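Work through the exercises below with the sequence and the model open. Try each task before you read its solution.

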Amino acid sequence: MKLWVLSSVLLLCLCSLSKDMQPLCHENESKALLQFKHNFVIDKFASVDPSAYPKLESWKLLDGKSNGCCSWDGVKCDQDTGHVIDLDLSSSFLHGSINSNSSLFNLVHLHSLNLADNEFNFSEIPSRIGHLFRLTSLNLSKSGFFGQIPSEISSLSKLVILDLTSEIDLYSKSLWKLEKPGLRDLVQSLTNLKVLNLSMVNISSSVPSVMSNISSLTTLNLEGCLLYGEFPMEIFRLPQLQILNVAWNENLTGSLPEFQSNSHQKSLIFQGTGFYGKLPGSIGRLESLVYLDLSQTSLSGTLPSPLGNLTRLTFLCLYDCKFSGQIPSSLANLSQLTKFGIGNNDFDAGPLPLPPGKLLKLTHLSARRMNLQGLASCNLVEFPSILRSQDELQALTLCNNKIRGFCNGIPSVSSGFNSAEERSAKALQLLLSSHKTRIIQKSDFHPINIDPLKVIRTMLVDEASVSSLQTTTEAVVVEHPKDEKDIGAMGGGTYGRHGLLRILADRSLV
């Protein structure tokens with residue numbers, strides 16, 4: 001009996017030990033990896049990910065033997081056969097070129113290849129990529145490749161994940177093209193895809209309806225691809241679709257469908273497209289939705305009250321559309337919201353229906369051109385109240401409204417200041433005595449990237465009230481652009497000639 005127990009324990013130990021041991025690497029694959037390594041230099045400017053590190057530095061022979069490659073950084077081998085099946089060299093500071101003679105393509109057992117976030121010197125994706133026919137995952141995003149995406153990628157019929165996110169050059173043009181063959185040819189062949197990311201690739205075509213045949217698709221990212229024509233309604237009905245991003249395709253049109261309650265959508269992004277029509281009340285059925293961006297589209301009509309049913313939303317951007325009518329009070333139910341943009345629409349004049357103690361997680365609020373009236377007479381009691389309860393607020397945009405006077409201790413800068421120096425001091429005093437909000441504008445689509453430790457506070461003021469304000473040691477007036485285009489994103493945008501200026505408390509930031 002004791003002998004049997006001892007044998008069982010010994011067997012369990014051996015099994016556990018064998019699971020922890022790395023399989024022996026095949027010598028020809030080890031040599032292929034070392035040869036691949038020698039084609040590159042380590043360049044710390046070749047990767048932008050903060051967690052990047054030089055994985056290839058661990059690729060060394062041990063005691064002159066080449067069978068230890070399965071323990072190298074970024075390399076994974078099959079536990080039974082010892083073949084290299086996974087090569088993840090993303091963000092590895094690689095700088096050099098890859099061509100069809102690369103030893104990389106001798107690793108024919110690869111199931112996954114990730115070369116993202118490196119610098120491959122504007123070389124083209126080699127046509128021999130098609131030799132890696134076992135690939136189920138291919139990620140070449142933001143890796144400095146250039147030119148036409150080769151047709152051979154279409155032959156990788158086992159692909160489940162394909163990420164070819166492109167970079168843009170100094171003239172805002174994509175480095176990659178998908179034209180001959182085009183998007184239709186690609187998706188007709190890759191019917192097992194779950195993730196397709198072609199962001200910023202120059203596709204210059206319509207979206208093929210055949211894409212709706214990829215029933216396994218969960219993520220579709222076609223942002224900035226120069227798409228045009230009508231977006232196929234059938235794609236909305238893909239049963240597994242969770243993320244859909246077609247932003248910044250200004251010639252892409254379409255309308256939103258009637259959404260079903262069994263949909264899995266988590267993120268819908270249509271910013272900067274020609275989508276039109278109304279936002280259907282059925283949007284409230286998307287209970288899993290966390291990110292909704294309809295900004296800078298031609299969507300119109302009133303906002304449906306069921307929008308307030310999306311209680312998981314963290315990002316809601318509806319600015320610069322053609323919405324009208326009253327803002328539904330149900331939006332106050334969006335308790336997880338951190339970024340909220342609703343300005344530059346045609347809503348009825350009146351209060352912003354956000355009562356005190358709601359939306360406490362907001363970090364960015366944009367409500368420019370809202371025609372909000374009555375603060376001078378304190379008709380909007382709840383509006384300043386919600387501002388006082390926003391402990392997490394980092395950016396607030398209220399320009400081009402009609403907010404005036406004092407209300408519940410929140411003065412406008414245009415009231416009661418007799419001199420430039422006094423206005424400057426009062427502005428800073430107001431900001432320093434309030435919570436940690438920074439109110440920022442920028443003449444671009446993107447938020448300003450400023451070290452928050454260098455900013456004491458930032459405040460927007462009415463241009464007329466500071467027209468004579470001079471640069472002082474306390475404050476700096478930033479010159480605003482001459483155009484009046486009002487594009488702002490969450491925490492961003494332009495001032496406009498008759499808009500608002502920003503005062504910064506640190507001249508070094510100007």
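## Exercise 1: Helix 2 and its cover

In helix 2 (residues 27–37), the buried residues are Glu29, Ser30, Ala32, Leu33, Leu34 and Phe36. Buried means under 20% relative accessible area, exposed means over 50%, and partly exposed lies in between (1.4 Å probe, protein chains only). Helices (H or I, at least four residues) and strands (E, at least two) are DSSP runs, numbered from the N terminus. This is a predicted model: local features need pLDDT of at least 70, side-chain atom pairs count only at pLDDT 80 or more, and totals for chains, interfaces and linings use all residues. Residues are numbered from 1 along each chain as its sequence is written, and side-chain values use heavy atoms, with hydrogens and water left out.

**Task.** Find what covers the buried residues of helix 2.

**Solution.** Step 1: look for contacts, meaning heavy atoms within 4.5 Å. Step 2: read off the elements. The cover includes strand 2 (75–77) and strand 3 (84–88).

## Exercise 2: Salt bridges

**Task.** How many salt bridges are there? Locate each pair.

**Solution.** Step 1: apply the rule. A salt bridge is a side-chain nitrogen of Lys or Arg within 4 Å of a carboxyl oxygen of Asp or Glu. The count is two.

Step 2: take the pair in helix 2. Glutamate 27 and lysine 31 form a salt bridge at 3.3 Å, N to O. They are four residues apart in helix 2, so about one helical turn separates them. Glutamate 27 is partly exposed, at 46% relative accessible area.

Step 3: take the other pair. Lysine 55 and aspartate 88 form a salt bridge at 3.6 Å, N to O. This pair links distant parts of the chain: lysine 55 is in the loop between strand 1 (41–42) and strand 2, aspartate 88 is in strand 3, and 33 residues separate them. Lysine 55 is buried, at 8% relative accessibility. Aspartate 88 is partly exposed, at 28%.

## Exercise 3: A buried acid

**Task.** Which side chain of opposite charge is nearest to aspartate 163, and what polar contact does aspartate 163 make?

**Solution.** Step 1: place the residue. Aspartate 163 is in strand 8 (residues 161–163).

Step 2: check the charges. Lys and Arg count as positive, Asp and Glu as negative; His and the chain ends are not counted. Aspartate 163 is buried but has no salt bridge. The nearest side chain of opposite charge is lysine 142, 8.3 Å away.

Step 3: look for a polar contact. That is a pair of N or O atoms within 3.5 Å; within protein, one must be able to donate a hydrogen and the other to accept it, and residues adjacent in sequence count only if both atoms are side-chain atoms. The side chains of aspartate 163 and threonine 165 make such a contact at 2.7 Å.

Step 4: list the neighbours. Leaving out residues up to four places away in sequence, aspartate 163 touches Leu138, Asn139, Leu140, Ser141 and Asn197.

## Exercise 4: The six-stranded sheet

**Task.** In what order do the six strands of the open sheet lie, and which are the edge strands?

**Solution.** Step 1: define pairing. Two strands pair if DSSP finds at least two bridges between them.

Step 2: read the order. The open sheet runs 12-14-16-18-20-22, with parallel pairing. Its edge strands, strand 12 (228–230) and strand 22 (346–347), each pair on one side only.

Step 3: check individual pairs.

- Strand 12 and strand 14 (residues 251–254) pair in parallel over three bridges. Glycine 229 has leucine 252 in strand 14 as its bridge partner.
- Strand 16 (residues 274–278) and strand 18 (residues 298–302) run parallel, joined by three bridges. Tyrosine 276 partners serine 298 in strand 18.
- Strand 18 and strand 20 (residues 322–325) also pair in parallel over three bridges. Serine 300 stands opposite lysine 322 in strand 20.

## Exercise 5: Backbone oddities

**Task.** Where is the cis peptide bond that precedes proline 181? Are phenylalanine 93 and asparagine 121 buried or partly exposed?

**Solution.** Step 1: check omega. The bond from lysine 180 to proline 181 is cis, with omega near 5°. Proline 181 lies in the loop between strand 9 (176–177) and helix 3 (183–189).

Step 2: check phi. Phenylalanine 93 has a positive phi, near 60°, though not a glycine. Phenylalanine 93 is buried, at 9% relative accessible area. Asparagine 121 also has a positive phi, about 60°. Asparagine 121 is partly exposed, at 40%.
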